[in-house]
Amino acid sequence: MSITAWFKLGISLLCWCCSAAGGGCPLPDFNLAGNYLLGGLFAVHKVNTAIDMRNRLPAPLQCNRFKFVPLGYHQMQVFRFAVEEINNSSVLLPGIKLGYEIFDYCSDALNFRAALDFLSSNGSISLNTNLHKVISVTGPSGSTKTLILAPLFMSSLIPMIGFSASSVQLSNKNLYPSFFRTIPSDFYQVRAIVRILQRFQWNWVAFFGSEDDYSRDALSQFLDQIPLANVCLAYKGILSTDTSTYSKMFEKINSLKINVVVVFATFDFVRPFIQVALNNNVQKIWIASETWSLNQDLIRVNGAEALGVVLGVSIPVYGPLSGFDDFVYRTMDRSPNETCSSSNVKSCNQACKECLTTDPNVILDQDPAYNFPIYSAVYAIAHALHMVLQCGTTSCNGSTPVYPYTVTKMLRRVSFTLFNKTVKFHEDGNPPARYDLVSWDWRSRQHTIVGSYERDQEEYFSIDARLIHWMNNGTAPVLRCSQECQPGYRRVPSSFPSCCFNCEICGNETYINYTVDPYTCVPCKKDEWSNVGSVQCQKRSPEYLQGDDFVSTGITLSASFMVLSSAAIIGLFAYHQNTPIVRSAGGKTCFFLLTCLGLSSISVFFFIGRPGPHHCILRNSVFAVCYTACLSCLAVRSFQIFCVFKLATNLPKSYEYWVKDNGQWVIIITCVVVQLFLCAMWVSIGGPRPIDIRVQKVIVFDCTLGNVAIFYLIIMFMGFLSVICFTFAYLGTDLPKNYNEGKCITFSLIVFYISWAIFLTVHLAARESNTAAVNALSILCSLYGVLYGYFFPKCYIILFKPDHNTAAYFQTSIQSYTLQSSST
C-alpha cells in the first residue's frame, strides 16, 4: 500500500473515531469556504503531557475532552477577524474571498492529523504536487510545536507564518526555506534583556528556562551575549512539571546572593514557579520573557507584589483592533444548547463545546501580546496573494495559478503598513525586531511601558527608570557580585566568575582603562606620567635648554662674548706683539691659546636645543680637545717662567735645548694629539648619545656619557695637565710682579676645579634638566677663568698702563727681584 493510501486511511480512521465518540458539534468558527484557504493552528484545548503519553494507543484523543484554553480561542478569533476584515475590504484582494481551515492544536500527536489535512487535495495526499488544500499555514503557538511540524510544509514550500515561534533555529533558511514569522527572533529578545542588565549594571544573575526549544535557544543566546556585556550567569535552573525542586533552587540563589532572575519560559511553567516563589517569600528583580510579561492573570494574584520588581520584554500591542470586540460578541452569540448529529462532526480537532459556553468577556480579557503578530500574519499572506494574482484596484487576475511556492516568493517582497508600523520580512524570514519594555505596577495591577527596543538597520534601546516602581528607596539598585572598583583601582579576580573580584590601587606611572581591561594597570608611555590611582596618563613636559629660555639666552650671550673677547684680544696682542707684556704672556702661544678658548666656547652652543646624536658628540669632545690645548699652553708657560728664574742657572744646557728645539710646541702638540686620540676612541667605541630621562612630571632630553671608562680617562688626562700646570704656577707665585703669571694661572685653575666639581656633583646626584645647563656653565666658567685670570690683567696693562709695558720697566723688576733673592 502506498504512503498516500496510508495517509487516507489514517485520516478516515481518526474522523470515524471522533464521530463514534460523540465529540460534539463542529462549529463554523473552524471553517470558512473561500477561493483560497488559509490554514490555522491554535491551541483551543490543552492535553496534559502525562495523559498524552499514556494514551498513545490506536484510539485517538479528543481535544474537546481536555482543558479549554481561552487564550488559544482568543488567538483563533483574531485570525478569523483578520480574514473577515480582508474579505470586506475593497482595496485588498478585490473580488476574492479568503477562506480558512483551522485545527485545534491540543496535542503534538494530533497535530500531524491537521498537517496532513492541510497537505491534502480532493481527499488525497501527495508530497510531489503543488496542489494542496491551503496556500499557507499560520501557527502553531510556540517554538517546539513549530519545529515539529515545519519540516512537513517546507518540502512543498508552503509558507508557514509563526506568530509566537521565536526560536533562533527557524531563521536557518537552508532548513526552513518557506518559514516566516511576525514575531522577532529570540536573538533580539535576549539582546533586549542583556541591554536591561547593562543599563542598571546588574551582572550577577540567574536564568530559569524549561526543557524546550524556546528556553534552550534563549539560554544559548544568553550565554553568547553576556560576556560582551560583562554579565555573569551565576545560576541556571530547569523548570519542569515537578515543582518540588523549586524551593531548593530558591535557597541556592539566595545563598549565592543573586537578586536578578531571568525567567525565559512559557507561562505553563512560569505560573507554578512564581507561585512557589510567593510561598517562599522570594523577593527579587524578575525579568520576564514575552510569553508571560503581559499576562493578565499573574499580575492579579493576591500578594503578588511580594515578588518585588517585575520587568519584562513584550511584543508591542498595537491597537486595540478596531471592531474586534464586536466581532467576538457577534460570533459567540449562539445557544449553548445547540446540538447536532454525530454524523456532522468533521474532525476530532474541531469540536469545542466551551467555545459556546464561555463568557465573551473572558475571551477578550486574555493576553493581547500576540494580537498584532496574528493579525499582521494574515495580512502578509493577503498582500502576497494580491501580488500573485496581479490584483488592481477593482479586480484580480483569477486565471493566474496560485501555488504555495509562488505565495512564498511574494512574501519575501511584501511591505505594507499596519498601525503606522511597516510589516516586512528580512532575508531570513524575520521581521524588524520591535519590543516594548514593561514594568508591573502593583498599585494599579497594570503593565506599564517603560521603554523600547528596536533593531532594523540600527539598534535603538531606551528605558526610563523613573517609571519603574522600585523597592525600598525608590531608585534602581546596583546588584553585582562585587561592587565596582573606585577610579584608579584594578580588579583582582577572587573567584572563577569574572564578575567577582577585589580591588587594588594602581601605582605610579600606571593607569587603569576600564573599557579595555579593568584587570590590568597599564604602564604609561615614556613621555607620560601619572600619580597613584590614575585613570589616565598625562603628557610629560619636555625639558631641555630651549633657545628662548632665560638660561639659554644667558649662556648664548656668554659664549658669544667669549668668542668676541678672544678675537679682540688676539687683535690687541697682534698689534702689540713685540711689547714685553705680550712676549712675557707666551708670545705666539697666546694666539693659539686664545683660538682654543674661542673654539671651546663654540661647544657651548651644542647644549642648547633638543639634543641629537651630533649635539651629544660635539658637546664635551670639542671642549676636551680645545681646553686640553689651553691647559698644555698654560702648563708650558708656567714651566718656562719657573725654569728661567729657578733652574736656568743650574741647568743651562737643558734650558738651551728647550729654547732652540721649540720644546714648548712639542709638549703642546703631544698633549693635543693624545687628547684627540682619546676623544676619537671615546666616540667610536661608545660615544655619548641622546637619552630621555623621566623625572616626575617632566621628560628630560639629555645625553649619556657614553663609554664611562674612556670618559673618565679623558677627564683624568685633563686633570693631570691641570695639576702639573697648577704645580709650576704655584711655585712661581713669588717671581717679579711683571712676570708673575703664576698667580693668574693658579686663579684660572681654581675656577676650573670648582666649576667641574659642581658639575660632577649635580650630574651624579640628580639627572634633571639643569644638568645640561650646569655642564655648559662649567665650560664657560673654565674658559672665563683663563680669560679673566690670565689675559685681562695683561690687556689692562697694555691699554691703561703703557708705561709698565716697556723693556726698562721689566729690567728694573728683574734687578730688584735678583737683589732681593741675593740678600736672602
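These are my notebook entries on what I looked up in this predicted model.

**Entry 1: the overall picture**

I began with the totals. The protein has 824 residues, and buried residues make up 51% of them. I went through the secondary structure next and found 25 helices and 29 strands. For the contacts, I took residues at least 6 apart in sequence, and 71% of those contacts join residues at least 24 apart.

**Entry 2: an open sheet**

I then traced a sheet of six strands. It is open, its order is 1-5-2-8-9-10, and the pairing is mixed. Which strands stand at the edges? They are strand 1 (31-32) and strand 10 (179-181); each has a single partner strand, so one side of each is left without a neighbour in the sheet. Inside the order, I looked at strand 2 and strand 8 (residues 136-138), which pair in the parallel sense over three bridges. L38 has S136 of strand 8 as its bridge partner.

**Entry 3: a hairpin**

My next stop was strand 23 (residues 510-513) and strand 24 (residues 517-523), an antiparallel pair joined by four bridges. The connection is a hairpin through three residues. What stands opposite I512 in strand 24? I found C521 there.

**Entry 4: aromatic pairs**

I counted aromatic pairs and came to 46. One of them is F42 with F79, a tilted pair at 5.5 Å centre to centre with 55 degrees between the planes. F42 sits in strand 2 (residues 36-42) and F79 in helix 3 (residues 70-87), so this pair ties together parts 37 residues apart in sequence. Both rings belong to buried residues: F42 has a relative accessible area of 1%, and F79 has 0%.

I also looked at W682 and F711. Their ring centres are 5.6 Å apart and their planes meet at 40 degrees, so I noted this pair as tilted too. W682 belongs to helix 21 (residues 663-686) and F711 to helix 22 (residues 708-731), and the pair links parts of the chain 29 residues apart. I checked burial here as well, and both W682 and F711 are buried.

Beyond the pairs, I noted one aromatic cluster made of F81, Y318, F324, F327, F372, Y375, Y379 and F419.

**Entry 5: salt bridges**

Searching the whole structure gave me 18 salt bridges. I picked out several to inspect.

- D464 bridges to R466, with the closest N and O atoms 3.0 Å apart. D464 is partly exposed at 22% relative accessibility, whereas R466 is exposed at 74%.
- E484 bridges to R480, with the closest N and O atoms 3.1 Å apart. E484 is partly exposed at 34%, and R480 counts as buried at 15%.
- R540 bridges to E509, with the closest N and O atoms 2.5 Å apart. R540 is in the loop between strand 26 (538-539) and strand 27 (541-543), while E509 is in the loop between strand 22 (501-505) and strand 23, so I logged a link between parts 31 residues apart. R540 is buried at 5% relative accessibility, and E509 is partly exposed at 27%.

I also found R191, R195 and E459 linked in a network of salt bridges.

**Entry 6: D367, a buried acid**

D367 caught my eye next. It lies in the loop between helix 13 (360-364) and helix 14 (371-388). How far away is the nearest side chain of opposite charge? That side chain is R300, 10 Å away, and D367 is buried yet has no salt bridge. A salt bridge needs the nitrogen within 4 Å of a carboxyl oxygen, so R300 does not qualify at that distance. What I did find is that the side chain of D367 reaches the backbone nitrogen of A369 at 3.0 Å. Leaving aside neighbours within four places in sequence, D367 is in contact with L71, H74, T291, L294, N295 and Q296.

**Entry 7: L437**

I finished with L437, which is found in strand 18 (residues 433-441). Is L437 buried or exposed? L437 counts as buried, at 1% relative accessibility. Leaving aside neighbours within four places in sequence, I listed its contacts, among them I196, G312, V313, T448, I449 and F461. I took a closer look at F461: L437 and F461 are 24 residues apart in sequence and 9.6 Å apart in space, C-alpha to C-alpha.

Terms used. Residues are numbered from 1 along each chain as its sequence is written. This is a predicted model: local features need pLDDT of at least 70, side-chain atom pairs count only at pLDDT 80 or more; totals for chains, interfaces and linings use all residues. Side-chain values use heavy atoms; hydrogens and water are left out. Helices (H or I, at least four residues) and strands (E, at least two) are DSSP runs, numbered from the N terminus. Buried means under 20% relative accessible area, exposed over 50%, partly exposed in between (1.4 Å probe, protein chains only). Lys and Arg count as positive and Asp and Glu as negative; His and the chain ends are not counted. A polar contact is a pair of N or O atoms within 3.5 Å; within protein, one must be able to donate a hydrogen and the other to accept it, and residues adjacent in sequence count only if both atoms are side-chain atoms. Contact means heavy atoms within 4.5 Å. Two strands pair if DSSP finds at least two bridges between them. Rings of Phe, Tyr and Trp (its six-membered ring) pair if their centres lie within 6.5 Å; planes under 30 degrees apart count as stacked, over 60 as edge-to-face and the rest as tilted.
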